Amino acid sequence: MTLPSAHKLYAVIEGTWPAAAKQALGPWTIRLDDSGSSRVSAATAEQPFAEPDVAAAEVAMREAGQTPLFMIRQDDAALDTMLAGRGYDIKDPVNMYAAPVAAIATQRPPPVTTFEVWPQLAVQAEIWAEGGINAGRLAVMDRARHPKTTVLGRLNDRPAGTVFAGIAGDCAMIHALEVKPCFRRRGLAQHMTQAVAFWAQVKGAAYLTLVTTVDNAAANALYSSLGMTVVGQYHYRSLTE
């Protein structure tokens, strides 16, 4: 089975983690969102561009109350170089992972360890808040189209973790996986990932996908150990103001 390409996963990110608003501006898609999530606040190049086009995008983002931010995808080397020359710093290099759903949905989590929940519960919002996932990001989950779900993870009969997942096309994508610090390194992230895979399988998705920052060693080790493959990378360029 051929895994989805990087370009396909860009669309899956868009479909499962949508911005509050988007506008076309010359060669750009400008994303507008007050959640603080880079995925829904970054501009992307959709057509050939020149230096003045970058300045126009900067103006549009500033007028919307956002710091200029661009997503650098595969084949965006010219944009990356131009932004570096304008003083933009690299932000959050990201790995994109994929695997066949059937390869992850092999063993169900232990009983009463994971529960599919929609809409999310207050206790899940509390876990996300402890991990820095704010109300703005919960709003992103709310406006994502179905199919979507959250998984509540429990250990020792206590709420211990949570994750959001959505489906776009034939790909399920995991977002915002969070485990309370006192419950980490006990396998819960793996259990929640597997629970999402079983949910995705029932919904007819062919692939399980996700993104995580390159410097998140624990997450990269987990997804690699599950047999997931890095199918692409991207990063952001941000302008310090």
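Contact here means heavy atoms within 4.5 Å. With that in hand, a look at this predicted model can start from a single threonine. Thr113 sits in the loop that runs between helix 4 (101-104) and strand 6 (114-117). Despite the loop setting, Thr113 has a relative accessible area of 7% and so counts as buried, the cut-off being under 20%. Leaving aside residues up to four places away in sequence, Thr113 touches Leu152, Gly153, Arg154, Leu188 and His191. There is also a polar partner: a polar atom of the Thr113 side chain lies 3.0 Å from the backbone oxygen of Pro110.

Next comes the hydrophobic interior. The largest nonpolar core has 32 residues, and the ones touching the most other members are Ile104, Val196, Leu208, Tyr223 and Met228. Two or more residues each come from strand 5, helix 4, strand 7, strand 8, strand 9, helix 7 (188-202), strand 10 (207-213) and helix 8. Helix 7 is the top contributor to this core, giving nine residues. As for Ile104, its contacts beyond four places in sequence are Ala99, Thr193, Gln194, Ala197, Leu208, Leu226 and Met228. A second core, separate from that one, holds 19 residues, among them Ala6, Ile13, Leu69 and Met173.

Aromatic rings make a story of their own, with eight pairs in the count. In one of them, Tyr97 and Tyr223 have ring centres 5.9 Å apart and planes at 55 degrees, so the pair is tilted. Tyr97 belongs to strand 5 (residues 89-100) and Tyr223 to helix 8 (residues 217-225), so this pair ties together parts 126 residues apart in sequence. Tyr97 and Tyr223 are both buried. Elsewhere, Trp28, Phe49, Phe70 and Tyr88 are linked into a cluster by ring pairs.

Rings also take up positions under charged side chains. Arg39 lies over the face of Trp17, 5.8 Å from the ring centre. Likewise, the charged end of Arg73 is placed over the ring of Tyr10, at 5.8 Å from its centre.

Finally, there is helix 6 (residues 135-143), where Gly136, Arg137, Leu138, Val140 and Met141 are buried. These buried residues pack against helix 5 (122-130) along with strand 7 (148-155), strand 8 (158-168) and strand 9 (171-179). The N-terminal end of helix 6 is capped by Asn134, which has a side-chain oxygen 3.1 Å from the backbone nitrogen of Gly136.

Conventions. Residues numbered from 1 in each chain as written. Predicted model: local features only at pLDDT ≥ 70, side-chain atom pairs only at ≥ 80, totals over all residues. Heavy atoms only, no water. Helix = DSSP H or I, 4+ residues; strand = E, 2+ residues; numbered from the N terminus. Buried < 20%, exposed > 50% of the residue type's maximum accessible area, 1.4 Å probe, protein only. Polar contact = N/O pair within 3.5 Å; in protein donor to acceptor, adjacent residues only side chain to side chain. Phe/Tyr/Trp six-rings, centres within 6.5 Å; stacked < 30°, edge-to-face > 60°. Lys NZ or Arg CZ within 6 Å of the ring centre and 35° of its normal. Core = buried A, V, L, I, M, F, W, Y, C linked by side-chain atoms within 4.5 Å.
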